[in-house]
Amino acid sequence: TVIAEGFGLRDVAKNLPVTENTLFGIGSTSKAFTATLLGMRKDAGEVDFDTPVSDLLDGFRLKGDAASLSVTPRDLMTHHTGMPRHDYAWVLGRSDNMTRHEMMLKFRNFESATPVRTKFLYNNFMWTTVGLIVEKLAGHSWEEEVTSRIFTPLGMNSTTASFKEAKKRGAEV
């Protein structure tokens, strides 16, 4: 049984209800999609989770040579890079309309809190970096990759990872 209805309001001020067509932001579910995409590339023999990220992405550097040379995709995905959240930079980066790659280049200026692999420290930036690895291996954007390799094969035809595309499709947001 598929329940195709909404609960609550999508716009409280206008009293607009959530419907089966209301689009919600992808949020942190993007991490699961990104891990799946990188896992697909791993299964195809295109990447190893234990290869240093600096070997996979030009310009990837963390503050300190030891961290830069040793951080792997596995470290990025398990939040074991030694990097704290640095959320202020996330907000600043968005307001400046930086690309993912431009944001990654800023990592070399961020302070680490612990050495690599010594403590779990949640960090969204590292997942952006995993997305960049996916893009490099795929030869196109993360959005194109998640659409062609996950959404389309699963028949997720109303799903998009792009706000611009959602608006173009007339999504209720």
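The following questions and answers deal with the helices, salt bridges and core of a predicted model.

Trainee: What conditions apply to the values?

Mentor: Residues are numbered from 1 along each chain as its sequence is written, and side-chain values use heavy atoms, with hydrogens and water left out. In this predicted model, totals for chains, interfaces and linings use all residues, side-chain atom pairs count only at pLDDT 80 or more, and local features need pLDDT of at least 70.

Trainee: Which pattern do the strands and helices follow along the sequence?

Mentor: Helices (H or I, at least four residues) and strands (E, at least two) are DSSP runs, numbered from the N terminus. The chain has nine helices and two strands. Read along the sequence, the pattern is β-β-α-α-α-α-α-α-α-α-α.

Trainee: How far apart are the end C-alpha atoms of α7?

Mentor: The expected span of a helix is 1.5 Å times one less than its number of residues. Helix α7 covers residues 124-138, which is 15 residues, so the expected span is 21 Å. The model agrees, with the end C-alpha atoms of α7 apart by 21 Å.

Trainee: How many of the 15 residues of α7 are buried?

Mentor: Buried means under 20% relative accessible area, exposed over 50%, and partly exposed in between (1.4 Å probe, protein chains only). Among the buried residues of α7 are Phe125, Met126, Trp127 and Ala138. Helix α7 is mostly covered, and its buried residues number twelve.

Trainee: Which residue caps the N-terminal end of α7?

Mentor: The cap is made by a side-chain oxygen that lies 2.8 Å from the backbone nitrogen of Phe125. The residue that supplies this oxygen is Asn123.

Trainee: Which residue just after α7 takes a positive phi?

Mentor: The phi angle there is about 80°. The residue is Gly139.

Trainee: How many residues apart in sequence are the parts tied together by Glu145 and Arg41?

Mentor: A salt bridge is a side-chain nitrogen of Lys or Arg within 4 Å of a carboxyl oxygen of Asp or Glu. The side chains of Glu145 and Arg41 meet in one at 2.6 Å, N to O. Glu145 lies in helix α8 (residues 142-151) and Arg41 in helix α1 (residues 29-43), so the parts they tie together are apart in sequence by 104 residues.

Trainee: Is Glu145 buried or exposed?

Mentor: Its partner Arg41 counts as buried at 10% relative accessibility. Arg41 also forms a salt bridge with Glu46 (2.8 Å, N to O), and Glu46 is partly exposed at 37%. Glu145, at 1% relative accessibility, counts as buried.

Trainee: Where does Lys63 lie, the salt-bridge partner of Glu111?

Mentor: The side chains of Glu111 and Lys63 meet at 2.5 Å, N to O. The pair links distant parts of the chain, 48 residues apart, with Glu111 in the loop between α6 (100-106) and α7 and Lys63 in the loop between α2 (53-56) and α3 (65-70).

Trainee: Which element gives the largest share of the largest nonpolar core?

Mentor: A nonpolar core is a set of buried Ala, Val, Leu, Ile, Met, Phe, Trp, Tyr and Cys residues joined through side-chain atoms within 4.5 Å. The largest has 31 residues, and those with the most contacts inside it are Leu38, Phe60, Leu62 and Phe107. The largest share, seven residues, comes from α7.

Definitions and conventions: Polar contact = N/O pair within 3.5 Å; in protein donor to acceptor, adjacent residues only side chain to side chain.
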